[in-house]
Amino acid sequence: MDMFEIIKEIICEYVDVDPDEIQKEASLRYDLGASSFDLMNIGSAIEEKFKVKLTAASLTKIKNVGDLVDFLENK
């Protein structure tokens, strides 16, 4: 399974959205409707799964799902 598919699964655990609606260009907050609480849960799940630390500085660079995938692929 590629990184994008894994991220889609994690997002769908916390946001009520059809996986087919998740595109790399989609903003988690504005396009997919993730609340601040959802974003915290998604971030925690990603940190746990990939053993990375999402810092405030790294989060400011992540604008959409594709940015998140790129960030994790480059870790």
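## Helix α1 and its cover

Among what covers the buried residues of α1 are α2 and α4. Here a helix is a DSSP run of H or I with at least four residues, numbered from the N terminus, and covering rests on contact, meaning heavy atoms within 4.5 Å. The model is predicted, so local features need pLDDT of at least 70 and side-chain atom pairs count only at pLDDT 80 or more, while totals for chains, interfaces and linings use all residues. Residues are numbered from 1 along each chain as its sequence is written, and side-chain values use heavy atoms, with hydrogens and water left out.

Which residues of α1 are buried? They are M3, F4, I6, I7, K8, I10 and I11. "Buried" stands for under 20% relative accessible area, "exposed" for over 50%, and "partly exposed" for in between, using a 1.4 Å probe and protein chains only. You can also check the length of α1: at 1.5 Å a residue, its 12 residues should span 16 Å, and the end C-alpha atoms are 17 Å apart, which agrees. The expected span is 1.5 Å times one less than the number of residues in the helix.

## Before α1

M1 lies in the segment before α1. With a relative accessible area of 69%, M1 is exposed. Leaving aside residues up to four places away in sequence, M1 touches I6 and E9.

D2 also has its place in the segment before α1, and its 45% relative accessibility makes it partly exposed. Try finding D2 and E73 together in the structure: 71 residues separate them in sequence, yet their C-alpha atoms are 9.9 Å apart in space.

## Two sides of helix α2

Now turn to α2, where D38, I42, G43, A45 and I46 are buried. Looking down the axis of α2, these buried residues fall within an arc of 165°, so they line one face of the helix. The arc is taken from the directions that run from the helix axis to the C-beta atoms. A general rule helps here: an α-helix has 3.6 residues a turn, so residues three or four places apart point the same way.

What covers the buried residues of α2 includes α1 (3–14) and α4 (65–73). The face turned away from the buried side carries the exposed residues F37, M40 and E48. As for length, the 15 residues of α2 should span 21 Å at 1.5 Å a residue, and its end C-alpha atoms are 21 Å apart, which agrees.

## F50 and K51

F50 lies in α2 and is partly exposed, at 22% relative accessible area. Not counting residues up to four places away in sequence, F50 touches M3, I6, I7, I10 and L72.

K51 comes just after α2, in the loop between α2 and α3 (56–60). K51 is exposed, with a relative accessible area of 70%. What is the sign of the phi of K51? It is positive, about 55°, although K51 is not a glycine. Most residues other than glycine have a negative phi.

## The largest pocket

The largest pocket has a volume of about 380 Å³. On a 1 Å grid over the protein atoms alone, a pocket is an open set of points where a 1.4 Å probe fits, with protein on both sides within 12 Å along at least five of seven lines; lining residues have an atom within 4 Å of a point. Grid points are joined across faces, edges and corners, and the volume is the space filled by probe spheres set on them.

Its lining has 18 residues, and L28, L39, M40, L59 and I62 lie nearest the centre. Helix α2 (residues 36–50) gives the most to this lining, with 8 residues. By class, the lining has 10 nonpolar, 5 polar and 3 charged residues. Ala, Val, Leu, Ile, Met, Phe, Trp, Tyr, Cys and Pro count as nonpolar, Asp, Glu, Lys and Arg as charged, and the others, Gly among them, as polar.
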